[in-house]
Amino acid sequence: MGLLYLASVVRKNGCKTGVVEASSLNLSYGETVRQILSLSPDYVGITATTVSIFHAAKLAKKIKERNKDIK
């Protein structure tokens with residue numbers, strides 16, 4: 001929910017936002033990265049719980065491998 005709140009505030013202030021809900025759609029890392037990159041983001045936020053923190057780190061690494069400019 002935190003990222004959705006953040007996205008709504010950013011959107012309200014005139015910035016383009018997008019959300020990829022990989023977990024509920026059961027997307028692979030590759031599919032998730034493709035969807036994220038299709039949005040041409042400058043910034044990517046990743047939500048993770050303690051149990052999924054290593055998955056979040058792996059996803060962040062894969063995004064950076066494809067586009068080093070994304071923060």
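1. I would begin with Val9, which counts as partly exposed because its relative accessibility is 47%, a value that falls between the 20% below which a residue is called buried and the 50% above which a residue is called exposed. In this predicted model, Val9 is found in helix α1, which covers residues 2-12. Although Val9 and Leu25 are 16 residues apart along the chain, their C-alpha atoms are separated by 25 Å, a distance that can be compared with the overall spans of the C-alpha trace, about 30 × 25 × 20 Å along its principal axes.

2. As for the general layout, the secondary structure of the chain consists of four helices and zero strands, so that, read from the N terminus on, the order of elements is α-α-α-α. The chain has a radius of gyration of 12 Å, which agrees with the value near 11 Å that a compact globule of 71 residues would have. Of the contacts in the chain with a separation of 6 or more, 53% are made by residues 24 or more positions apart.

3. Which residues make up the largest nonpolar core? This core has six members, namely Val33, Ile36, Leu37, Leu59, Ile63 and Ile70, and the elements that give two or more residues to this core are α3 (29-38) and α4 (53-66). The largest share, three residues, comes from α3. Nonpolar side chains tend to be buried together in soluble globular proteins. Ile36 deserves a closer look, since, leaving aside residues up to four places away in sequence, Ile36 touches Val20, Pro41, Val44 and Ile63.

4. Turning to the surface, 15% of the 71 residues count as buried, while the chain exposes about 5700 Å², of which carbon and sulfur atoms supply 57%. The chain carries 11 positive and 5 negative charges, and the mean positions of these two groups are 2 Å apart.

5. Two residues in loops should be checked for their backbone angles. Asn26, placed in the loop between α2 (22-25) and α3, has a phi near 55°, which is a positive value in a residue other than glycine; Ser40, which lies in the loop between α3 and α4, has a phi near 50°, again positive and again in a residue other than glycine. Most residues other than glycine have a negative phi. Are these residues buried or exposed? Asn26 counts as exposed because its relative accessibility is 68%, and Ser40 counts as exposed because its relative accessibility is 59%, the cut-off for this class being over 50%.

Notes
Residues are numbered from 1 along each chain as its sequence is written. This is a predicted model: local features need pLDDT of at least 70, side-chain atom pairs count only at pLDDT 80 or more; totals for chains, interfaces and linings use all residues. Side-chain values use heavy atoms; hydrogens and water are left out. The radius of gyration is taken over C-alpha atoms; the globule rule is 2.2 Å times the number of residues to the power 0.38. Buried means under 20% relative accessible area, exposed over 50%, partly exposed in between (1.4 Å probe, protein chains only). Contact means heavy atoms within 4.5 Å. Accessible areas come from the Shrake-Rupley method with a 1.4 Å probe; for residues, only the protein chains shown count as cover. Lys and Arg count as positive and Asp and Glu as negative; His and the chain ends are not counted. The place of a charge is taken as NZ of Lys, CZ of Arg, CG of Asp or CD of Glu. A nonpolar core is a set of buried Ala, Val, Leu, Ile, Met, Phe, Trp, Tyr and Cys residues joined through side-chain atoms within 4.5 Å.
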